[in-house]
Amino acid sequence: MAIFLSGLILLQSCSTYKTPVTIEQAASTEKAVKITTVNDSTYKYKYIVYEDGQFYGVKDNPGEDVKFLINTEEVANLLMKNGGIPW
């Protein structure tokens, strides 16, 4: 019984980055994203915003959100975060 309950708890916290989207789609949904660059670097952001003609990835810093400029020419792959198992 304990193993079964442990498994349920672990599965509830599972989430994956599976849905490939464009950067414009990601900016309009405000969901978590994972960006892979042409140099094979990976960046995870809480969400993406579009301001002043530029895309910014937003990370959660204690007490405030911090924006990082995204060079769209360097983006090779952008995946949107899917939720865990819906209960």
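Is Asp-65 buried, partly exposed or exposed? At 34% relative accessibility, Asp-65 counts as partly exposed. The points below take up this residue and its surroundings. Please keep in mind that this is a predicted model.

1. Overall make-up. The chain has 2 helices and 7 strands. Along the sequence they run in the pattern α-β-α-β-β-β-β-β-β. Of the 87 residues, 23% count as buried. Among contacts with a separation of 6 or more, 50% come from residues 24 or more positions apart.

2. The open sheet. It has 4 strands, in the order S1-S7-S2-S3, and the pairing is antiparallel. Strand S1 (16–20) and S3 are the edge strands, each pairing on one side only. From one strand to the next, the twist averages 35°.

3. The S2 and S3 pairing. Strand S2 spans residues 33–37 and pairs with S3 in the antiparallel sense. This pairing runs over 4 bridges. Thr-36 stands opposite Thr-42, which belongs to S3.

4. Salt bridges in general. Side chains of opposite charge can pair when their charged atoms come close. In this model the count is 2 salt bridges. Points 5 and 6 take them in turn.

5. Lys-46 and Asp-65. Their side chains meet in a salt bridge, at 3.3 Å from N to O. Lys-46 lies in the loop between strand S3 (42–45) and strand S4 (47–51), while Asp-65 lies in strand S6 (residues 64–70), so the pair ties together parts that are 19 residues apart in sequence. Lys-46 is partly exposed, at 37% relative accessibility. Its partner Asp-65 is partly exposed too, at 34%.

6. Glu-51 and Lys-67. This salt bridge has an N to O distance of 2.7 Å. Glu-51 sits in strand S4 and Lys-67 in strand S6, so the pair ties together parts that are 16 residues apart in sequence. Glu-51 has 31% relative accessibility and counts as partly exposed. Lys-67 is also partly exposed, at 44%.

7. Tyr-43 and Tyr-45. A pair of aromatic rings is described by the distance of the centres and the angle of the planes. The model has 3 aromatic pairs. One of them joins Tyr-43 and Tyr-45, with 6.5 Å centre to centre and 20° between the planes. That pair is stacked. How do the two residues stand in accessibility, buried or partly exposed? Tyr-43 is partly exposed, with a relative accessible area of 37%, whereas Tyr-45 is buried, at 8%.

8. Tyr-50 and Phe-55. The ring centres lie 4.7 Å apart. The planes stand at 50°, so the pair is tilted. Here too one partner is buried: Phe-55, at 10% relative accessibility. Tyr-50 is partly exposed, with a relative accessible area of 48%.

9. Around Phe-68. Which residues do ring pairs link into a cluster with Phe-68? They are Tyr-43 and Tyr-45. Phe-68 also has a charged neighbour: Lys-59 lies over the face of its ring, at 5.7 Å from the ring centre.

10. Strand S6 in summary. Asp-65 lies in this strand and pairs with Lys-46 of the loop between S3 and S4. Lys-67 lies in S6 as well and pairs with Glu-51 of S4.

Technical notes:
Residues numbered from 1 in each chain as written. Predicted model: local features only at pLDDT ≥ 70, side-chain atom pairs only at ≥ 80, totals over all residues. Heavy atoms only, no water. Salt bridge = Lys/Arg side-chain N within 4 Å of Asp/Glu carboxyl O. Buried < 20%, exposed > 50% of the residue type's maximum accessible area, 1.4 Å probe, protein only. Phe/Tyr/Trp six-rings, centres within 6.5 Å; stacked < 30°, edge-to-face > 60°. Lys NZ or Arg CZ within 6 Å of the ring centre and 35° of its normal. Pairing = 2+ DSSP bridges. Axes fitted to C-alpha atoms, helices over the stretch in contact; angles between N-to-C directions. Contact = heavy atoms within 4.5 Å.
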